[in-house]
Amino acid sequence: MADNLPDHIPSLDLADFRSGDPTRKAKFVQELGAAYQSIGFIALKNHGLNETQTKELYADVQQFFQLPDAAKQTYENPALAGQRGYISKGKEHAKGRNTGDLKEFYHVGQEVLDETDPVRHDYPANIWPAEVPRFEESTMRAYRTLEAAGQDVLRAIALYLELPENYFDDKVKNGNSILRPIHYFPIEDPDAVPADAVRAAEHGDINLITLLMGASADGLQVKRRDGEWIAITALPDQIVVNVGDMLQRLTNGVLRSTIHRVVNPPRAKMNTSRYSIPFFMHPRSEMSLAALPHLVTADNPKKEVDITAGEFLNERLIELGLKKK
């Protein structure tokens with residue numbers, strides 16, 4: 001299947017992996033691995049968030065982004081390099097570009113409850129908007145639910161790679177993961193923005209895996225290995241889960257971090273909002289991303305230098321314009 005050129009992403013059911021049925025679990029592992037070797041994306045149902053929780057989360061996110069810019073900017077702290085709180089319009093750009101994306105977003109990070117874990121001192125405190133009283137509750141509930149789903153996806157990946165099922169467990173426990181509610185804001189006058197400005201320019205994600213809650217409008221596309229862009233859609237009860245650059249480095253390119261983008265809508269719809277909420281699953285900063293030895297072979301020689309997750313994240317934050325050198 002790795003040589004196939006799919007025109008859609010496969011749909012998988014996390015209940016199969018969690019079922020306790022060895023046959024269903026093994027089928028999930030193989031289908032997941034095949035998808036991640038070919039297109040790098042899947043749609044996933046039974047991830048843990050129900051319809052009511054999802055609606056509440058989107059309502060809270062929309063309530064925040066509808067605040068005046070001046071009010072939102074009180075929750076922006078440039079000293080944090082975009083790791084917590086609000087990041088204003090056009091601040092982030094794709095690697096290799098200077099034009100900012102047509103989006104604004106909010107970062108909710110890890111809350112370490114274990115007082116004996118030294119990593120708790122490495123993360124800045126979350127920033128909560130006073131104007132949206134339920135924001136902390138709804139975003140942290142989504143954070144924990146998606147973190148648990150991501151941990152099971154990583155367990156399936158470990159089995160596919162012929163590693164112990166719990167290989168990633170200690171590496172992502174209290175990991176530096178980020179929930180990012182995004183608002184692709186309306187453009188009233190398309191001629192007033194740079195000609196090359198897009199909602200999200202083509203890029204690969206930094207992290208191990210990304211779990212993306214259904215967007216409120218079309219626009220997500222992934223780049224197939226033949227260079228063709230295909231539209232990605234998921235049913236309302238599904239999330240999209242894709243491989244990030246960290247996992248691609250760790251697997252020496254066996255699993256694919258596929259380039260993707262969010263294109264602008266037709267000109268007549270540029271004045272409409274689009275919302276999406278990705279969960280970027282990161283490991284602890286000390287995790288080594290050195291290629292797994294058994295995945296470095298004569299046919300697949302080592303592709304990248306050794307680096308830790310923290311070092312790699314720091315590099316990419318500078319490339320994205322969120323952090324100064």
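Contact here means heavy atoms within 4.5 Å. With that in hand, here are some close-ups of what is a predicted model.

**View 1. Ser177 and the residues around it.**
Start with Ser177, which sits in the loop that runs between helix H6 (169-172) and strand E5 (178-179). Its relative accessibility is just 1%, so Ser177 counts as buried, the cut-off being under 20%. If you skip its neighbours within four places in sequence, Ser177 is in contact with Val108, Gly109, Gln110, Tyr143, Phe279, Phe280, Met281 and His282. His282 has a further link to this residue: the side chain of Ser177 reaches the backbone nitrogen of His282 at 2.9 Å.

**View 2. The second largest cavity.**
His282 turns up again here, as one of the residues that line the second largest cavity. The rest of that lining is made up of Asn176, Met246, Pro283, Arg284, Ser285, Ala309, Gly310 and Leu313. Which helix supplies the largest share of the lining? That would be helix H8 (residues 309-319), with three residues. The space inside the second largest cavity comes to about 40 Å³, and the model has two cavities of 30 Å³ or more.

**View 3. Helix H3 from end to end.**
Now look at helix H3, which covers residues 51-65. Its 15 residues should span 21 Å at 1.5 Å a residue, and the end C-alpha atoms are indeed 21 Å apart, so the two values agree. At the N-terminal end of H3, Asn50 acts as a cap: one of its side-chain oxygens lies 3.1 Å from the backbone nitrogen of Thr52.

**View 4. The two sides of H3.**
Which residues of H3 are buried? They are Gln53, Leu57, Tyr58, Asp60, Val61, Phe64 and Phe65. These buried residues cover an arc of only 160° around the axis, and therefore sit on the same side of H3. It helps to remember that an α-helix has 3.6 residues a turn, so residues three or four places apart point the same way. Turn to the face of H3 that points away from the buried side and you find the exposed residues Glu51, Thr52 and Lys55.

**View 5. Glu56 on H3.**
Glu56 is also part of helix H3. Is Glu56 buried or partly exposed? At 25% relative accessibility, Glu56 counts as partly exposed, because buried would require under 20% and exposed over 50%. Leaving out neighbours within four places in sequence, Glu56 is in contact with Arg134 and Arg141. Gly109, which lies 53 residues from Glu56 along the chain, has its C-alpha atom 19 Å from that of Glu56.

**View 6. The largest pocket.**
H3 has a part to play here too, since it gives the most to the lining of the largest pocket, with four residues. At least two lining residues each come from H3, strand E8 (209-213) and strand E11 (238-243). The volume of the largest pocket is about 550 Å³. Of the 28 residues that line the largest pocket, those closest to its centre are Met213, Gly214, Leu235, Pro236 and Gln238.

**View 7. Asn46, in the loop ahead of H3.**
Asn46 is found between strand E2 (41-45) and H3, in the loop. Although Asn46 is not a glycine, its phi is positive, at about 60°. With a relative accessible area of 45%, Asn46 is partly exposed.

**View 8. Asn252 and Gly253, side by side in a loop.**
The loop between helix H7 (245-250) and strand E12 (260-262) holds Asn252, and Gly253 is found in that loop between H7 and E12 as well. Asn252 has a positive phi, near 55°, in a residue other than glycine. How do the two compare in exposure? Asn252, at 2% relative accessibility, counts as buried, whereas Gly253 is partly exposed, with a relative accessible area of 32%. Gly253 and Lys303 are 50 residues apart in sequence, while their C-alpha atoms are 7.7 Å apart in space.

**View 9. Helix H5 and the residue that follows.**
Helix H5 (residues 135-160) is built from 26 residues. From its first C-alpha to its last, H5 reaches 37 Å, close to the 38 Å expected at 1.5 Å a residue. Just after H5 comes Glu162, which takes a positive phi of about 60°.

Technical notes
Residues numbered from 1 in each chain as written. Predicted model: local features only at pLDDT ≥ 70, side-chain atom pairs only at ≥ 80, totals over all residues. Heavy atoms only, no water. Expected span 1.5 Å × (residues − 1). Buried < 20%, exposed > 50% of the residue type's maximum accessible area, 1.4 Å probe, protein only. Arc of directions from axis to C-beta. Polar contact = N/O pair within 3.5 Å; in protein donor to acceptor, adjacent residues only side chain to side chain. 1 Å grid on protein atoms, 1.4 Å probe; cavity = no way out; pocket = protein on both sides within 12 Å on 5 of 7 lines; lining within 4 Å. Points joined across faces, edges and corners; volume = space filled by probe spheres on them.
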